[in-house]
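This report describes one protein chain, with attention to its charged pairs, its aromatic pairs and one of its helices. The structure is shown below.

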Amino acid sequence: MTVNLKSLARHLRAVWMLLLVGIILAIASPVFLTETNLLNVGLATSVAALLAVGQTYVIILAEIDLAVGATLGFSAVVTALTLRDHGLLPALVAGLAVGGGAGLINGLLVTRTRMPSFIATLATMSVLSGMSLQITSGNPISITDSHFQGIGQDRLAGVPVPVWIMLVVFVLFGFVLARTRFGRYVYATGDNAEAARLSGIRTQRVKVLAFVISGLLAALAGFILSARLSTAEPTAGTGLELEAIAAVIIGGTSLAGGRGTLVGTLVGALVLGVIDNGMNLLDVSPFLQNVVKGLVILLAVFIDRNLDTLRALIPRRRGPDAAVPGPAKAELVRQ
């Protein structure tokens with residue numbers, strides 16, 4: 001099957017949005033298209049983009065994970081405390097264990113207790129946020145380990161390490177979602193969980209694994225953010241869960257489940273990153289920035305919910321066989 005840019009843009013509506021915003025900002029600010037600024041966009045986008053990868057898996061399953069921001073903050077705090085007392089490797093393991101454990105708890109709450117994911121993850125978000133503040137007494141934890149700082153501050157071939165991490169994660173988990181049996185199970189479960197269960201798919205296990213992936217990537221995002229700042233803030237992830245969900249929705253993943261791609265999520269994250277960067281370059285008020293991002297999200301959801309209606313309004317060019325009756329056309333295809 002041949003895939004061209006026109007087909008990609010037609011199926012990924014966020015591509016058009018990214019191009020439109022990019023063109024407007026390139027005209028409005030001469031700094032926007034400079035190499036330094038574009039790398040800054042990638043660096044600023046990397047944290048929310050990693051959260052959005054895990055969120056994509058969860059939303060394709062017709063669930064939602066509101067706890068990723070709190071998981072990021074709590075794992076960052078645990079990582080910083082472990083780093084101070086035990087060194088780099090134990091700190092990384094502890095941070096990932098906290099992230100994966102939080103995801104496991106969320107998955108079990110959703111599958112075993114049949115609790116709506118909105119409520120379950122809202123509760124764990126509150127618990128994790130409170131634990132972060134309790135452990136630190138609300139104070140940030142300084143990080144001085146140069147090797148850990150390199151995760152967020154070093155460059156490889158002139159590109160910030162967080163950007164490389166973001167790209168590797170998107171390629172790896174994009175492959176898993178698009179080309180593996182587990183990925184097919186995710187789509188099948190999100191499209192019709194009961195039919196998937198009857199066909200032999202362990203839907204509860206699929207959902208638990210998706211939440212674990214979301215928690216692990218939240219911990220990885222916590223590594224990057226705390227390494228960049230050289231500080232673990234207990235409230236570092238506050239609000240990032242909404243930005244991750246917004247990136248997923250803008251990228252075309254359906255809230256109803258069963259449809260979505262990580263390519264679309266990456267483009268959606270870049271749309272938000274470009275908007276943030278462009279409004280900063282143009283000295284737009286931070287309050288208005290939130291207004292603009294909210295309108296972009298509303299537009300993306302409106303298009304998603306009314307796509308069939310919008311397609312019906314677009315006239316289609318009739319091909320040479322458009323007037324051929326159905327049976328005759330089928331015969332032509334067979335020939």
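With which residue does Arg 197 form a salt bridge, and how far apart are the closest N and O atoms? In this predicted model, the partner of Arg 197 is Glu 194, and the closest N and O atoms are 2.6 Å apart. Both residues belong to helix α10, which spans residues 193–198, and they sit three residues apart, about one turn of the helix. An α-helix has 3.6 residues a turn, so residues three or four places apart point the same way. Arg 197 has a relative accessibility of 44% and therefore counts as partly exposed. Glu 194, at 41% relative accessibility, is likewise classed as partly exposed.

**Overall composition**

The protein chain contains 16 helices and four strands. Of its 335 residues, 48% are buried. Among contacts with a separation of 6 or more, 76% are made by residues 24 or more positions apart. The accessible surface of the chain is about 17,400 Å², and carbon and sulfur atoms contribute 65% of that area.

**Salt bridges**

The count of salt bridges comes to three. They are listed here with the N to O distance of each pair and the burial class of the residues.

| Pair | N to O distance | Burial |
|---|---|---|
| Glu 63 and Lys 207 | 2.8 Å | both buried |
| Asp 85 and Arg 84 | 3.8 Å | both exposed |
| Arg 197 and Glu 194 | 2.6 Å | both partly exposed |

In the salt bridge between Glu 63 and Lys 207, the side chains meet at 2.8 Å, N to O. Glu 63 lies in the loop between α3 and α4 while Lys 207 lies in helix α11, so this pair ties together parts that are 144 residues apart in sequence. Glu 63 and Lys 207 are both buried. Asp 85 and Arg 84, by contrast, are both exposed; their closest N and O atoms are 3.8 Å apart.

**Aromatic pairs**

The number of aromatic pairs is also three. In one of them, the ring centres of Tyr 57 and Phe 173 lie 6.1 Å apart with the planes at 90°, so the arrangement is edge-to-face. This pair connects distant parts of the chain, since Tyr 57 is in helix α3 and Phe 173 is in helix α8, 116 residues apart. Tyr 57 and Phe 173 are both buried. Another edge-to-face pair is formed by Phe 148 and Phe 223, with 6.1 Å from centre to centre and 80° between the planes. Here too distant parts of the chain are linked: Phe 148 belongs to helix α7 and Phe 223 to helix α11, 75 residues apart. Phe 148 counts as buried because its relative accessibility is 0%, and Phe 223 is buried with a relative accessible area of 4%. Tyr 57 and Phe 173 also form one aromatic cluster together with Phe 182.

**Helix α7 and its surroundings**

Helix α7 covers residues 146–153, and its buried residues are Phe 148, Gln 149, Gly 150, Ile 151 and Gly 152. Which helices do the buried residues of α7 pack against? They pack against α3 (35–60), α4 (68–86), α5 (88–112), α8 (161–179) and α11 (203–229). The Phe 148 and Phe 223 pair joins α7 to one of these helices, α11. At the N-terminal end of α7, Asp 145 acts as the cap: one of its side-chain oxygens lies 2.9 Å from the backbone nitrogen of His 147.

Notes: Residues numbered from 1 in each chain as written. Predicted model: local features only at pLDDT ≥ 70, side-chain atom pairs only at ≥ 80, totals over all residues. Heavy atoms only, no water. Buried < 20%, exposed > 50% of the residue type's maximum accessible area, 1.4 Å probe, protein only. Helix = DSSP H or I, 4+ residues; strand = E, 2+ residues; numbered from the N terminus. Contact = heavy atoms within 4.5 Å. Polar contact = N/O pair within 3.5 Å; in protein donor to acceptor, adjacent residues only side chain to side chain. Salt bridge = Lys/Arg side-chain N within 4 Å of Asp/Glu carboxyl O. Areas by Shrake-Rupley, 256 points an atom, 1.4 Å probe, with all protein chains shown as cover. Phe/Tyr/Trp six-rings, centres within 6.5 Å; stacked < 30°, edge-to-face > 60°.
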